[in-house]
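Here's a protein to explore by asking and answering questions. Keep the 3D view open and follow along.

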Amino acid sequence: CLKIIIYTKLYVLFLLFQILGAVILGFGIWILADKTSFIAVLQMSSPSLKTGAYILIGVGALTMLMGFLGCLGAVNEIRCLLGLYFTCLMLILLTQIAAALVIYFQKETLKVELSDIVADLIEDYDPSNEDKRNLQDAWDYVQTQIACCGWTGAKEWESNEILRNKSNTEYPCSCSNRSKDLVEGRGFCVLDDPVNGTATYADWPVHEQGCMDGVEQWLKDNLGIILGVCTGVAVIELLGMILSISLCKNIHSEDYTKVPKS
């Protein structure tokens, strides 16, 4: 009865690991393929995020492979496969813990890096630059969806060379709080009544909130979901490790003739 219970739980866990691996793999692919959100801004500006996406793809593929090998080891009662399954689960779990600790202790550094990325993007923003079209469109999308302007506020846009040369008589359309400007959604819009042909960010009809506050609020709103998913993944991995060891102890001899031959 104990063996039947262990087998049943293992098969359920193997199925969960296949699903989990597919989700992680898909998330990594989504980070690389996304071209319209804040993730796209980071992915195209920061090599570290792109590297992280490749790591996610690798972890997802490894998780699916380990689920298959674990199932094969359980069905054919092969201790070495179950041992390999346990070892890989432990390595993945330790990697996740290490990544969480790095993010926690380096959060201020990451925040500064994000500020620098967005500041450079705003300063070099040029609607006529086709080489950076995707990156700039992604940032316009972020400002439109979050209803924000700049990273800390609209004043950051005064550092843009094109706007400075036009005495700030134009402003980013994606920052605008007027619906007619949002139809264009990108590039610069012309200020209606500049005083003496000059203006400042305070004269622009734009949102006052910086995007940093919006992104942080989104993280706070979804923190419970993120922590819940991470905790669930860790629990599944721990259960898989415990049950694979339990099954290993119940296998007294290995019969390799059960393994299907190609």
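**A walk through the fold**

Q: Is C148 buried or exposed?
A: This is a predicted model, and in it C148 has a relative accessible area of 0%. Buried means under 20%, so C148 counts as buried.

Q: Which residue forms a disulfide with C148, and which parts of the chain does the pair link?
A: C148 sits in the loop between α6 and α7, and its disulfide partner is 63 residues away. The two sulfur atoms are 1.9 Å apart. The partner is buried too, with a relative accessible area of 0%. It lies in helix α9, and its name is C211.

Q: Why is the disulfide of C148 and C211 given the hand it has?
A: Look at the torsion about the S-S bond of C148 and C211. It's about 80°, so the disulfide is right-handed.

Q: How many residues apart are C149 and C175?
A: A disulfide joins these cysteines, with 2.3 Å from S to S. C149 is in the loop between α6 and α7, while C175 is in the loop between β1 and α8. That links distant parts of the chain, and the separation is 26 residues.

Q: What does the disulfide of C173 and C189 tie together?
A: Here the S to S distance is 1.9 Å, and with 120° about the S-S bond the link is right-handed. C173 counts as buried at 0% relative accessibility, and C189 counts as buried at 10%. C173 lies in the loop between β1 and α8 and C189 in strand β2, so the pair ties together parts that are 16 residues apart in sequence.

Q: What is the pairing of the bonded cysteines in sequence order?
A: The structure holds three disulfides. Number the bonded cysteines of the protein in sequence order, and the pairing reads 1-6, 2-4, 3-5.

Q: How many helices and strands does the protein have?
A: Reading along the sequence, you get α-α-α-α-α-α-α-β-α-β-α. In total, that's nine helices and two strands.

Q: Which residues have the most contacts inside the largest nonpolar core?
A: In soluble globular proteins, nonpolar side chains tend to be buried together. The largest nonpolar core here has 25 residues. Helices α5, α6 and α9 and strand β2 each supply at least two residues of this core. The ones with the most contacts inside it are W139, W151, W157, W204 and V206.

Q: Which residues are among those in the other core?
A: Apart from the largest core lies another one, made of 15 residues. Among them are F14, L69, L81 and C88.

Q: Which residues does W204 touch, not counting those up to four places away in sequence?
A: W204 is one of the residues with the most contacts inside the largest nonpolar core. Leaving out residues up to four places away in sequence, W204 touches A154, W157, E158, L163, N168, E170, Y171, P172 and L191.

Q: Which residue forms a salt bridge with E158?
A: E158 counts as buried, at 17% relative accessibility. Its closest N and O atoms with the partner are 3.5 Å apart. That salt bridge partner is K155.

Q: How many residues apart in sequence are the parts tied together by R178 and D192?
A: The side chains of R178 and D192 meet in a salt bridge, 2.9 Å from N to O. R178 is partly exposed, with a relative accessible area of 21%, and D192 counts as partly exposed at 48%. R178 lies in the loop between β1 and α8 and D192 in the loop between β2 and α9, so the parts they tie together are 14 residues apart.

Q: Which residues are linked in a network of salt bridges?
A: The structure holds seven salt bridges. In one of them, R133 and E130 meet at 3.5 Å, N to O. R133 counts as partly exposed at 29% relative accessibility, whereas E130 counts as exposed at 51%. The network links E130, R133, D137 and R186.

Q: What is the accessible area of the nonpolar patch that includes L94?
A: L94 has its place in helix α4. The surface patch is formed by M90, L94, I97, L101, Y104 and F105. Together they have about 630 Å².

Note on methods: Residues numbered from 1 in each chain as written. Predicted model: local features only at pLDDT ≥ 70, side-chain atom pairs only at ≥ 80, totals over all residues. Heavy atoms only, no water. Core = buried A, V, L, I, M, F, W, Y, C linked by side-chain atoms within 4.5 Å. Buried < 20%, exposed > 50% of the residue type's maximum accessible area, 1.4 Å probe, protein only. Helix = DSSP H or I, 4+ residues; strand = E, 2+ residues; numbered from the N terminus. Contact = heavy atoms within 4.5 Å. Patch = residues over 30% accessible without salt bridge, like charges linked within 9 Å, V, L, I, M, F, W, Y side chains within 5 Å. Areas by Shrake-Rupley, 256 points an atom, 1.4 Å probe, with all protein chains shown as cover. Salt bridge = Lys/Arg side-chain N within 4 Å of Asp/Glu carboxyl O. Disulfide = S-S within 2.5 Å.
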